[in-house]
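Hi everyone, thanks for making time. I'd like to walk you through one structure today, so let's bring it up on the screen.

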Amino acid sequence: DFHEQLPRLLRAGGVYSFFNGMCPFNVFFQGVACAVVQLELKALGLETSFTPVAVHTGPEAQWTDIRRRYFLSDTYYLPHCVLGEPAAAAAADDDSAAGAAGRRLASLNPQLMVRR
């Protein structure tokens, strides 16, 4: 998996992003998928946030004969991942189970994952 190589490829403070095409047909499942990726990347030492970006999808006729649209919503959640210090990644592993569970629940809503 490419993400597993990121701690080796990035230096501390290095930034990474990717095309977020996860579950575009349902905003709830998209939020869940973003939360899962956020947890997986955190386990690798990357802090991840999702910035909402307005997207003009154009008229419906523009998508005629297109098998799969890139954007189904007028909001795209742009991933922003930053590799932390090695000590920060170890400290993240020491979090209490209750605190980690609370953060997982809060991160299910993409709006709560946005860093302002």
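Before we start, a word on naming: helices and strands here are DSSP runs, with at least four residues for a helix and at least two for a strand, numbered from the N terminus. And please keep in mind that this is a predicted model.

Let's begin on the inside. Rolling a probe the size of a water molecule over the atoms shows where empty space is left. How many cavities of 30 Å³ or more does a search of the whole structure find? The search turns up 1, and its volume is about 100 Å³. Among the residues around this cavity are F19, N20, G21, P24 and Q30, and the lining also includes Y70, F71, L72, S73, T75, Y76 and Y77. Which element gives the largest share of that lining? That would be strand β3, residues 75-83, with 3 residues. By character, the lining splits into 7 nonpolar and 5 polar residues, with no charged ones.

Now to the surface. V27, F28 and F29 make up a nonpolar patch there, and together they have about 340 Å² of accessible area. F29 sits in helix α2, which covers residues 27-43. Its relative accessibility is 45%, so F29 counts as partly exposed.

Last stop, charges. Side chains of opposite charge can pair when their charged atoms come close. Searching the whole structure gives 1 salt bridge: the side chains of K42 and E47 meet at 2.9 Å, N to O. Are these two buried or partly exposed? K42 has 25% relative accessibility and therefore counts as partly exposed; E47, at 35%, is partly exposed as well.

Thanks for listening, and I'm happy to take questions.

Notes: Residues are numbered from 1 along each chain as its sequence is written. This is a predicted model: local features need pLDDT of at least 70, side-chain atom pairs count only at pLDDT 80 or more; totals for chains, interfaces and linings use all residues. Side-chain values use heavy atoms; hydrogens and water are left out. On a 1 Å grid over the protein atoms alone, a cavity is a set of points where a 1.4 Å probe fits but cannot get out, and a pocket is an open set with protein on both sides within 12 Å along at least five of seven lines; lining residues have an atom within 4 Å of a point. Grid points are joined across faces, edges and corners, and a volume is the space filled by probe spheres set on the points. Ala, Val, Leu, Ile, Met, Phe, Trp, Tyr, Cys and Pro count as nonpolar, Asp, Glu, Lys and Arg as charged, and the others, Gly among them, as polar. Patches are made of residues with over 30% relative accessible area and no salt bridge: like charges are joined within 9 Å, nonpolar side chains (Val, Leu, Ile, Met, Phe, Trp, Tyr) within 5 Å. Accessible areas come from the Shrake-Rupley method with a 1.4 Å probe; for residues, only the protein chains shown count as cover. A salt bridge is a side-chain nitrogen of Lys or Arg within 4 Å of a carboxyl oxygen of Asp or Glu. Buried means under 20% relative accessible area, exposed over 50%, partly exposed in between (1.4 Å probe, protein chains only).
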